[in-house]
Every structure is written in C-alpha cells, then in structure tokens.
Amino acid sequence: EVKISEPAISRPSTAKDVKSLTKHVDRPRSRTPFKSARKAKSAVFTEAVVPLYLTDKTQEMFQCIIGQDVTQDNPHRMIKKEVIIDDMKTLAAVSDFHPYKHPIMDYQGNDILIVYDVTSKYGQNFYLVLNEMMKEIILQSFQINKTQKEVDQQERSQEPKYKPWVDLGSGIEIEQEQFEETPVKIKFMISRVHRMFGSPVRFADRNDTETKDSYVECASYQDKSFNIKKLERDIGIQAVSKLQDSSTQTKWTYPRNACTQYTPREFSSPEREQLIASEALHTFVNSVALRFECALQQNEIMDVFYDDWRGLSEEDSTFGGKTDGHLKEYQSFTDLLKSQGRRISHIEWHPTILGLIAVSIADVITMEDRMNPSNRAVHSHSYILFWNFSDPIHPQIMLEAPDDIYCFQFCPTDTNIVAGSCTNGQVVLWDLSEFAGRLQGYIPAAKPETQKSNLLP
C-alpha cells in the first residue's frame, strides 16, 4: 500500500484544461504500484482534480449535504455518471456541473467521486475527481485514515496495563528520604460529668478581662529542639551588568571676571598699495562720486544728527526765562559715619508713615574679595537707615545686620516687623514697636554722640 497525501494544485483547473488532459487517461498503466503512484503524483494527480461549487439545492438533490451526508470524517460521495448527465441535460448551463461538461462526458467510469473540501484547499466547497487511477488513490487514502483513527480509538479505550515495580537499586534512596515521626505524640483527654450529658446549654456574655479561665491562648514559639530542614529551594539568578555613574565638573575656587578684546584686522602696506592701484577701486569711486558729493552738500545745509524732539523742548519758553529739561535734586540724605563711601543696595518706602524711607547700605567690594575668607574679618557691619524728609541729616533709627543686606521688606500685616536677607544666607527680623514714636516724628532723632541708642540689633 502507498500512502499519498491529498493533492494540491497551484490554481483551480477549468473545463478546457481537463478536456486537454483527458488524453492521459487512456495511457497504459504501469504494473509497478510505486511507478503508477509517482506518475499520478507528478502529472495526473494535479490535473484530474477540479474544484466544484455545489449549491444547497444541488447538495440536497445528490444527497451530499454538508454536515449530514458528507462530514470531516466521511467527506467523499460516489455519484452515478448518468445522474450527472441527466442533471446537465435538464438544467443546461444552470447546472453546477456544466463547466466540466466535456470532461464528465469523456469519463470512462460509471461512478464519479466527489469530495467535500473541508479546508477549502481548492477554493470551493467540493472537488471532482475525473480520473480512475486518481479516484483509487484518494479512496485508498481515506480508507487508511479511517483505519488509523479506529486503531487510535481502540488504543485509547483500552485500559492501561500496569506492570509490577522492579527494584533496580533506588529502594534504598526512597527509604532514606521517607519521613519518620521520631518525637512522641502528646495525648489529651477531655472529660465531662455524666449528668451533664443532654442537659440544656445556657450561653451568656463574659468579659475576658474579669475571669482568668475565659479563654486559653496557645501562642506560637520557636522550638530549639526541632528544626525543619529544607529539602528544596527555588533560587533565581539573573546576570546584571554593573552600572557606574561618573561626572566631572570644574569648580572655581576664586571666581574672576574675564574679558576678551578683538583687534581690528588691517591691511599691510603692500596690500594697501595694491588696493589703491587696482582698477576695481577706481571704478567704484567714479560710480559713487556724484552721490557722495550730494550727501556732503546736504550735511552742510542740514544737520542730520540734530535731535528735533530735544530742540522742541528747548524752544518752549514761559514767563521769567527758559525751561529746564533736566531733573533737579529735591533732597539728599547722607550719614558721614555709616553711609560715606558705601553703596545703596535696596530702598523701601514705609507702607503707612508718609515721608519715611528705609535704605540698606552695603560695602563696595569685588566678588573676589568677598569670597576670600581672609577679608571677612575686615568687613564692617551693615545697616538699614530710616530717613525722614523733615530731618535729612540724622537718620531716625539704624538697624544693624551681621552682613550686607541686599533685600528687605515690611511685613504686610504688621508694619513694625522688617525682614531682611544677608549675603551669607541669613534672614534677619527686626521689631520696630519701641521706636514707633521716633518714626512718627514725635521724638527727635538722637545726636551723633548718643547714636548707639538708635541701633536695634
């Protein structure tokens, strides 16, 4: 017996292809079954099988309804040739077998094999076998598959036969791995009075804190005389590459101010002589000479750099003389001891008192000198001076700070509280409640010899 798988073709065959290949059917068969199977597989097999589509009505007429007459286990059906010819004569071109009319008419056998295409290998729901040799091979393959399924089913239905176990030396290992109870079991006996059997039970609420025997707790503890040995342990190991982060930063210990100066690029003496003698320069000068002369004449007639807006303000005049276009100094405040030679870092008006202004004083030093630790001891204290427009010579009060104050502000809810920030990172708070009368102007400012009384640390 030769087992050949189900045929497969690259494209569906048409009636014209089958008609041209019916000549191969009359060829003498080889006596050797292997040669005939090889020939069927190579040529006739792929051309004697054609796809066929059968409608529901045709399936009912020829008793090959899918799911009832033909299934996956029994997919083939034998139909008489005369029945198919009668159907083609009755329905003519409407018949499902009409596309293969000539191959069917030339078919020499009496029964034609029609197979249900379960996997739609040929593109339709059925395929038609128009070769006797191909029909025998396909039927033989179906028979082999059916026999094999029956054998498999019988093997599954049979009960397994258990063979006696033969010890080949592993019995000793099994005995060693067996668990044996070595400690003696503890036995408890619970008794009850005989008269209590069958008596009614009464339940009541009890407080466990009042009675000692209300409950018994068996807390867990670690027994040192007994240890459980782990026979198996699941451990997972994952190879992870070592990660390392590194960075480099240049740190300036003493910051410095640096600048870069670009020098103009000038022509050398030979280059200047060559440029002056060049024809391109003469052509350029001749082309712009008229425009250059016109620009010089316009400069003589009208000054293009004259500011008309400033000139407009100077031309305005009033009774008594000319108007002054510059801002005049209204009033200046200077303290010869605390603010002389120093700069103002922040100015703030008093939120409630009119005519009172607070000014913070800072030293005029470079950043390099400020960062140098050796110069910190030389630095003097910083102050916030409160000036009143009624007394521009003496400050009303002075607030002393451990370092230069660059920013300060009055508290929005309580104007007697002042908060300032120093260059060293400190935040300083002052309370001006004791000096409210002096800030209002009721008490005059202290004289220079008693100036220490104005300091508020």
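**Strand β8 and its surroundings**

Five bridges tie β8 to strand β9 (residues 382-388), and the two run antiparallel. This is a predicted model, and strand β8 makes a handy place to start reading it. On its other pairing, β8 is joined by six bridges to strand β7 (residues 343-349), again in the antiparallel sense. Seven of the seven residues of β8 (residues 356-362) are buried, so the strand is largely enclosed by the rest of the structure. Side chains in a regular strand alternate between the two faces of the sheet. Here both faces are covered: L356, A358, S360 and A362 are buried on one side, and I357, V359 and I361 are buried on the other.

A few residues pin down the register. In β7, W349 sits opposite I357 of β8. The hairpin of β7 and β8 has six residues between the strands, and G355 in this hairpin adopts a positive phi near 80°. On the β9 side, L356 has N388 as its bridge partner. N388, which lies in strand β9, has a relative accessibility of 9%; that is under the 20% cut-off, so N388 counts as buried. Setting aside neighbours within four places in sequence, N388 touches F333, G355, L356, Q396 and L439. Its contacts thus include both its bridge partner L356 and the hairpin glycine, G355.

Further along the chain comes an open sheet of three strands, in the order β11-β12-β13, with antiparallel pairing. β11 (405-410) and β13 (427-431) are the edges; each has a single partner strand, so one side of each goes without a neighbour in the sheet. From one strand to the next, the twist averages 20°. Five bridges hold β11 and strand β12 (residues 417-422) together in the antiparallel sense, and I405 has C422 of β12 as its bridge partner.

Another open sheet has four strands, ordered β1-β4-β3-β2 and paired antiparallel. Its edge strands, β1 (49-52) and β2 (76-80), each pair on one side only. Direction ignored, neighbouring strands of this sheet are turned by 30° against each other on average. β2 and strand β3 (residues 111-116) run antiparallel and share five bridges, with R77 standing opposite I114 in β3. Two helices pack on this sheet. Helix α4 (residues 81-91) touches β2 and β3, and its direction makes about 70° with that of β2. Helix α6 (residues 132-157) touches β1, β2, β3 and β4 (126-129), with its direction at about 45° to that of β3.

Helix α9 (residues 279-301) is worth a look too. At 1.5 Å a residue, its 23 residues should span 33 Å, and the end C-alpha atoms are 34 Å apart, which agrees. Even so, α9 carries a kink of about 45°, centred on A289.

Taken as a whole, the chain has twelve helices and 14 strands, and 25% of its 457 residues count as buried. Of the contacts with a separation of 6 or more, 59% are between residues 24 or more positions apart. As for confidence, the chain averages a pLDDT of 76, and 79% of the residues score at least 70. Over residues 1-45 the pLDDT is below 50, and this stretch has 65 contacts in the model beyond near neighbours in sequence. Residues 448-457 also have a pLDDT below 50, with 26 contacts counted in that way.

Note on methods
Residues numbered from 1 in each chain as written. Heavy atoms only, no water. pLDDT = per-residue confidence, 0-100. Contact = heavy atoms within 4.5 Å. Buried < 20%, exposed > 50% of the residue type's maximum accessible area, 1.4 Å probe, protein only. Pairing = 2+ DSSP bridges. Expected span 1.5 Å × (residues − 1). Bend = angle between axes of the 7 residues up to and from the residue. Axes fitted to C-alpha atoms, helices over the stretch in contact; angles between N-to-C directions.
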